[in-house]
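Colleague: I am still learning to read models like this one. Please choose a single part for a close look, and start from one of the bends in the backbone that a beginner might skip over.

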Amino acid sequence: MRISEIRLYHLSAPLEEPIGNALIFFPSRQTLLVEIVADGLSGWGEAWVAPATAAAMIEGQLARHLIGQDPTHIRALWQAMREANEGDGIMTAVSAVDMALHDLTARAYDIPLSSLLGGARRDKVLAYASGPFFKPGGHPYRDFEREIDGYLGEGFRALKLRSGFNPTDDVVAALGARRQIGKETDLMIDFNQSCTPRRSISTVALMEEARLLWVEEPATPADRPGYRLAASQITTAIAGGEAIMNPAHFLPFLTDGCMDILQPDIAICGGLTGVGQVIALAHIHDRPVIPHVWGSTVNFHAALHLISTLPRHRSGGMLPFPYLEYDVGPNPLLDLAGRPKVNADGTVSLPEGPGLGIELDASMLEPYIVARKVIAA
C-alpha cells in the first residue's frame, strides 16, 4: 500500500452573522481538509489554523516525505516530518496529515478509528455545548439566554460560556446562566486569552455562586507565570492548551501544577500522534485530557473517536470526564456529513463505520472550496 496523491481543499463558509469571543469575531468558517489517497482508499485530516499556510507547508515541505510511502507507518512518517522541519509552525500541517493517515489506515483495516487507537471504552461520549458566542453590533451577550434554552432543549447537560467582555457583564452572564440551567447542569467559562491573570482572578472571585466546573485560558499560553498566579488564587479547575503546538510544551504546566485540564487540539498539536503524547503526560500526572474541538466534521469526529478511548476521570462535576467539546455555533463545515446528533442524555454516539465513520467526497465540499491542489508522484 503506497500513498499516490495528497489532495488539499481550502474551504470557506460565510456566516449570516459573525460570531466570536472577547478577542476576535469570525465572519466565516475556514479550514483546510487534506485527503490522502492510497490504493483507491482515502483518509481525511484537517488544519483549521491558517489553512492557506498549512496547505503551502504540506506541498512545499511534507509531501516529499509522504508520496510513495506506506500510509500505515504512521509513527515513522510523523517522525520523518518532524525531523525534517525545524520549529513548531509546521505542526498544523503535520496534524492534518497525521489525522488523514490514521483515518486511511483504519479504513484499510476496515475498523473504526477508535479501534486503531486502542479500543473504545464507551459507545457514547458526553458532550458539552461550546457556546453561546459573542455577537457584534450591540451587546455581545444579548442572545445568551435564548441560545442556552436551545442547548438545554437539544439535550446538553453542560455548557461553556464565552467570557472576557468586561468583568461586570461577565459576572452577570455567568450568574444568570447558572440560575437558568439549574443545579444539575455543569457550567464553564472561557476567557480565550483575553484577560490578564489578575483580571481573571478578580472576575472569577465574583462568580462563586455560578459553581463553575472550570475556567479556561485565564492567561495567554506563553504566560506560564500567569497560569501559576491564576492557579494559586482560583480554586476552580484551570483548563487550557488549545493553542499549544508542541506536545512537550504541556509538561511545564503539569510540573508547575497550574493546568488541571489539558485541552490539546488534534488539528494543532501534531494530530492524533501528538495528542497521544499529551495524553501520556497527563496520565503520568493524573490529569484529564479534554481536546479542544474547532473546524469541520473531520476534527470533530477525530476527537469523538479519541475521547471514546480515554479513561474515566473524576471531574468534580455532575458527571465524570471525559467530555467532547461540541461547537454549537453556526458552522456549515460541521454539517458536511450531517450534523452530529445529540442524544437525549447529552451524549454523542460513536459511528460504527471504518475510520472516522463518515463519508466525504469533493462534491460535498464544492460549495465552500476557495482553493484546491493535487500533489502526486
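**Cis prolines and the strand beyond**

Modeller: P322 is found in the loop between α11 (297-308) and β10 (324-327). Helices (H or I, at least four residues) and strands (E, at least two) are DSSP runs numbered from the N terminus. The model is predicted, so local features need pLDDT of at least 70 and side-chain atom pairs pLDDT 80 or more, while totals for chains, interfaces and linings use all residues. Residues are numbered from 1 along each chain as its sequence is written, and side-chain values use heavy atoms, with hydrogens and water left out.

Look at the bond that leads into P322: the peptide from F321 is cis, with omega near 15°. Most peptide bonds are trans, and most residues other than glycine have a negative phi. Another cis bond joins G131 to P132, where omega is about 5°. P132 sits in the loop between β4 and α5, and that loop takes us to the part I would like to show you closely, strand β5.

Start with the path of the chain. Strand β4 (residues 124-130) and β5 run parallel and are joined by two bridges; two strands pair if DSSP finds at least two bridges between them. If you want to find the contact, S130 has K160 as its bridge partner in β5. Between the two strands, the chain passes through helix α5 (residues 144-154), making a right-handed β-α-β crossover. Right-handed here describes a path from the first strand over the helix to the second that runs clockwise when the strands point away from the viewer.

Now pause on β5 itself, residues 158-162. Five of its five residues are buried (under 20% relative accessible area; exposed is over 50% and partly exposed is in between, with a 1.4 Å probe and protein chains only). Follow the side chains along the strand: A158, K160 and R162 point one way, L159 and L161 point the other way, and all are buried.

β5 has a parallel partner in strand β6 (residues 186-190) as well, and five bridges join them. L159, for example, has L187 as its bridge partner in β6. To get there, the chain goes from β5 through helix α6 (residues 167-181), and this β-α-β crossover is right-handed too. Strands of a sheet pair through backbone hydrogen bonds, either parallel or antiparallel.

Let us step back to the stretch before β5 and look at charged side chains. Side chains of opposite charge can pair when their charged atoms come close. In a salt bridge, a side-chain nitrogen of Lys or Arg lies within 4 Å of a carboxyl oxygen of Asp or Glu, and by this rule the model has 21 salt bridges. R146 takes part in a bridge with D143, at 3.6 Å from N to O, and in another with E147, whose closest N and O atoms are 3.8 Å apart. R146 is exposed, with a relative accessible area of 54%. Its two partners are covered: D143 is buried at 17%, and E147 is buried at 15%. R146, D143 and E147 belong to a network of salt bridges that also links E17, K135 and R142.

Elsewhere, D256 and R228 form a salt bridge at 2.9 Å, N to O. D256 lies in helix α9 (residues 251-256) and R228 in helix α8 (residues 224-233), so this pair ties together parts that are 28 residues apart in sequence. Both ends count as partly exposed, D256 at 31% and R228 at 36% relative accessibility.

For contrast with the parallel strands, find the open sheet of four strands in the order β3-β2-β1-β12, which has antiparallel pairing. β3 (41-47) and β12 (369-376) are its edges with a single partner strand each, so one side of each has no neighbour in the sheet. Strand β2 (residues 25-38) pairs with β3 over seven bridges, and A38 meets L41 as its bridge partner in β3.

Finish with two more backbone spots. In the loop between β3 and α1 (51-62) you will find A50, which has a positive phi of about 45° although it is not a glycine; A50 is partly exposed at 42%. D110, also not a glycine, has a positive phi near 60°. D110 lies in the loop between α3 (91-108) and α4 (113-116) and is exposed at 58%.
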